[in-house]
Each structure stands twice: as structure tokens, then as C-alpha cells.
Amino acid sequence: MINLPGITDIKFPVFLAPMEDVTDKAFRKICLEMGADLAVSEFIASEALVRNSEKSFLKMEKSYPDETLVVQIFGNSPDVMADAAQMVEESGAAILDLNFGCPVKKIVNKGGGAALLRDLPLMKEITRRVVNAVKIPVTAKTRLGWTSEDLVHEEVALNLQEVGIQALTMHGRTRSQLYAGEADWEKIAEIKQNPDFQIPLIGNGDINSAEKAVECFEKYWVDGIMIGRAAIGDPWLFKRVRAVLNGEKFDEVPSIKERSRVCKQHLIATGDWKNEYIAVLEMRKFYSGYFKGIPGFKPFKIKLMEANSFEEVFAVFDEVENELNM
Ligand SMILES: Cc1cc2nc3c(=O)[nH]c(=O)nc-3n(C[C@H](O)[C@H](O)[C@H](O)COP(=O)(O)O)c2cc1C
């Protein structure tokens, strides 16, 4: 069990991973409705937040009034991170997550994200300052190390525990791996096996089925799991995972009607929040996932990619429902 708001009584908590340009409030709501227990916001630059950038505030909006929102921030200045943390708390977030794992050059070159894996004293200092700056629980998400030659997962885990984080998420890859190879769950388990490590551990990396989710809990003893890429276009994965973790059988494949319904919900929520045109553009990256495995979908995908309004998109959904049986 993990003693964090929203999940204190959940035996096998399942998180939606933070993903830039994906885990906005529209997508988080869908995943939470499908069975994710907590969903993490897209990361927010602490520097932008303290400059009152409007975009940063939008990323902290809840998907519904009662959402137990986890907001993630990144940066490398203890002062700025502490100030940003207070702004996150004031915005109504329930949990604050610190990003020490982003491998992307534009972040790392400025000393943020995974760059902190090469400066553990600074990572610890940032965390200490943030924990002291807010009353809400602080968690952190990171990777195993910068490269496979300098793994620091256990050291990081103990350091951050010492300065007061309430849970640690470990993605089982190094920074230099980016997303290549496989997540190393044996290494994630090493943290759990360390007798000095007492706080909850959330494992992350390559969970793409209910069976894998069960394996992560059973074989690697994590307290929670976090799912990212596999949920893009397949939020039903959370339903399957939840059912199997509860010991129920669940192999239902979502019907075309259900896929269209969720796609529409995603589209309309994005439109309400941003605007119709942006929603139509942003949804283009999700269609392949939402209709994955449907024979004959390709020509409809082309039409969806060319559609420029809700009306046009919905007309294609109707065609898909009428012409493809499943
Ligand atoms: C498009 C995309 C955006 C991401 N953005 C973030 C982010 O903002 N913060 C973060 O901590 N990790 C981010 N990640 C990493 C994921 O949270 C996760 O750690 C990674 O994808 C591994 O999990 P998975 O195999 O379940 O996808 C991102 C990953 C992807 C694919």
C-alpha cells in the first residue's frame, strides 16, 4: 500500500505516467475513468511557472474538480524549484512529483531532468528544499543512472528518502538508453531489496499488458506500477490491468463503438479546453492507437488525418462504425 492521497486503500496502485503533450487533463480523465488510480500531469518547467507562464497554469488544471492531481515539475535551481513547488501546492495539486529522469537534450543541457543523475548532491538539495517548502507529499521520478557504467539507483533512492520524499518512481532505463532496449526490472527490484529503503517504490518501464503488470508486482515487489506509452490510444489497458490484479478474468476487446466514444470524449474535452481546431490537430497522433488492430481501418485513418473540424471527424467515426464490423 502507498500512503498517498487518493490511493491509501488500494492494494496494487496503478499510475498513468507523466507524458509531455499526452497526459493533459482530457487524457488523464479518460485513463482515470478506465481504472488508473492516479495520473501525473505533463512536466512543467519550474522556471516557466515562476514567471507565471499561462501554459504552465493550464497544465495544472484538474480534469474534474475532485481529481487527486499529481503535478510534475523539473528544473535545477533549488530556489526556483522551491518557489515553483509552492505555486503547485497553491494551485490545488494533491501531490508534487519531481522530474529527475527526463533524457531529452533540451532539458538535460540546462541541467534539468536526468542531468541531475550526474549531480546527486544537487538533486538531494533540490528535493530537500522542495520538501521543506510545501505541505503536500513530494515524490520523485528518475532513471537508473546516466549510463549503465554509473548506475546510481540505490544511492538516489536512499538520498531522496533521507530528505523526505513519500514515494519514488524508478524507470528501469539509464539516460543514455533513452527508450532503447528493455527496462531492467531486476535493477528496480534491487532498490526494494535494500533494507535501508523503506518508502514505497513505483516501478516503470515497458508495462504493456495486464500480465506484465501482475508480473511486476509479484516478481519485483514494487508497491505500485506506472504505465506510459502503452496507454496512448489504449486507455482500456487500465481496465484490463485492474481486473487481472483483482483476480478477475478480463479479455474484452473494445468495440468500434466504444473506441469512437472514447475518441470523441477525448476530442471534445480537448476542444473545450483549447479549441476545436487544435483538438482536431492534436488528436491525429492518437487515432492509430485508438483503432489499433481493426482490419480495414487504414483508409479511414487517412480521412481522419485530413479532417479539419469535429463535424468531419465525427462523420468518419460514423463511417467506421457502419462499415467495419467488430
Ligand atoms: C511522449 C512522452 C512524453 C514523456 N514525458 C514525460 C514527462 O513529462 N515527465 C516524465 O517524468 N517522463 C516523461 N516520459 C517518460 C514516461 O513517463 C515513462 O517513464 C516512460 O515512457 C517509460 O514508461 P513506459 O514504458 O510505460 O512508456 C515521457 C515519455 C513519452 C513517450
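Me: A crossover is right-handed if, with the strands pointing away from the viewer, the path from the first strand over the helix to the second runs clockwise. Which helix makes a right-handed β-α-β unit with β5 and β6?

Reply: Keep in mind as we go that this is a predicted model. Strand β5 spans residues 138-143, and strand β6 spans residues 167-171. The helix that makes the right-handed unit with these two strands covers residues 153-162 and is called α7.

Me: What larger arrangement do strands β1 to β8 form, with parallel pairing?

Reply: Follow the strands in the order β1-β2-β3-β4-β5-β6-β7-β8. From one strand to the next, the twist averages 25 degrees. The 8 strands pair in the parallel sense, and together they make a closed barrel.

Me: Let's look at β5 in that barrel. How many bridges join β5 to strand β6?

Reply: On one side, β5 pairs with strand β4 (residues 95-100) in the parallel sense over 5 bridges. One of the pairs there is Leu 98 with Ala 140. With β6, β5 also runs parallel, and the number of bridges is 5.

Me: Which residue in β6 is the bridge partner of Thr 142?

Reply: Start from Ala 140, whose bridge partner in β6 is Leu 168. Now move along β5 to Thr 142, which points the way Ala 140 does. Its bridge partner in β6 is Met 170.

Me: How many of the 6 residues of β5 are buried?

Reply: Val 138, Ala 140 and Thr 142 point one way from the strand, and they are buried. Thr 139, Lys 141 and Arg 143 point the other way, and they are buried too. The strand is therefore largely enclosed by the rest of the structure, and the count of buried residues is 6 of 6.

Me: Is Asn 159 buried or exposed?

Reply: Asn 159 lies in helix α7, and leaving aside residues up to four places away in sequence, it touches Leu 120 and Lys 124. The relative accessible area of Asn 159 is 14%. The cut-off for buried is under 20%. So Asn 159 is buried.

Me: Which elements do the buried residues of α7 pack against?

Reply: The buried residues of α7 are His 153, Val 156, Ala 157, Asn 159, Leu 160 and Gln 161. Just after this helix, Gly 164 takes a positive phi of about 105 degrees. The packing partners of those buried residues are β4, α6 (120-133), β5, β6 and α8 (185-193).

Me: Are α9 and α10 parallel, perpendicular or oblique to each other?

Reply: Helix α9 covers residues 210-220 and helix α10 residues 237-245, and their axes lie 8 Å apart at an angle of about 50 degrees. Angles under 35 degrees count as roughly parallel and 65 to 115 as roughly perpendicular. The angle of about 50 degrees fits neither range. The two helices are therefore oblique.

Me: What is the handedness of the crossing of α9 and α10?

Reply: The two helices pack with their axes 8 Å apart. Contacts come from Ala 210, Ala 213, Val 214 and Phe 217 of α9, and from Leu 237, Arg 240, Val 241, Val 244 and Leu 245 of α10. The crossing of the pair is right-handed.

Me: How are α11 and α15 oriented to each other?

Reply: Helix α15 covers residues 310-323, and α11 packs against it at an angle of about 170 degrees, with the axes 10 Å apart. Residues that meet here include Ile 256 and Leu 267 in α11 and Phe 310 and Phe 317 in α15. Angles over 145 degrees count as roughly antiparallel. So the orientation of α11 to α15 is roughly antiparallel.

Me: Is Lys 249 buried or exposed?

Reply: Lys 249 is found in the loop between α10 and α11 (256-273). The relative accessible area of Lys 249 is 73%, and the cut-off for exposed is over 50%. So Lys 249 is exposed.

Me: One last loop residue: what is the phi of Leu 178, which is not a glycine?

Reply: Leu 178 lies in the loop between β6 and α8. This residue is partly exposed, with a relative accessible area of 39%. Its phi is positive, at about 50 degrees.

Notes: Residues numbered from 1 in each chain as written. Predicted model: local features only at pLDDT ≥ 70, side-chain atom pairs only at ≥ 80, totals over all residues. Heavy atoms only, no water. Buried < 20%, exposed > 50% of the residue type's maximum accessible area, 1.4 Å probe, protein only. Helix = DSSP H or I, 4+ residues; strand = E, 2+ residues; numbered from the N terminus. Pairing = 2+ DSSP bridges. Axes fitted to C-alpha atoms, helices over the stretch in contact; angles between N-to-C directions. Left-handed = near helix turned anticlockwise from the far one by under 90°. Contact = heavy atoms within 4.5 Å.
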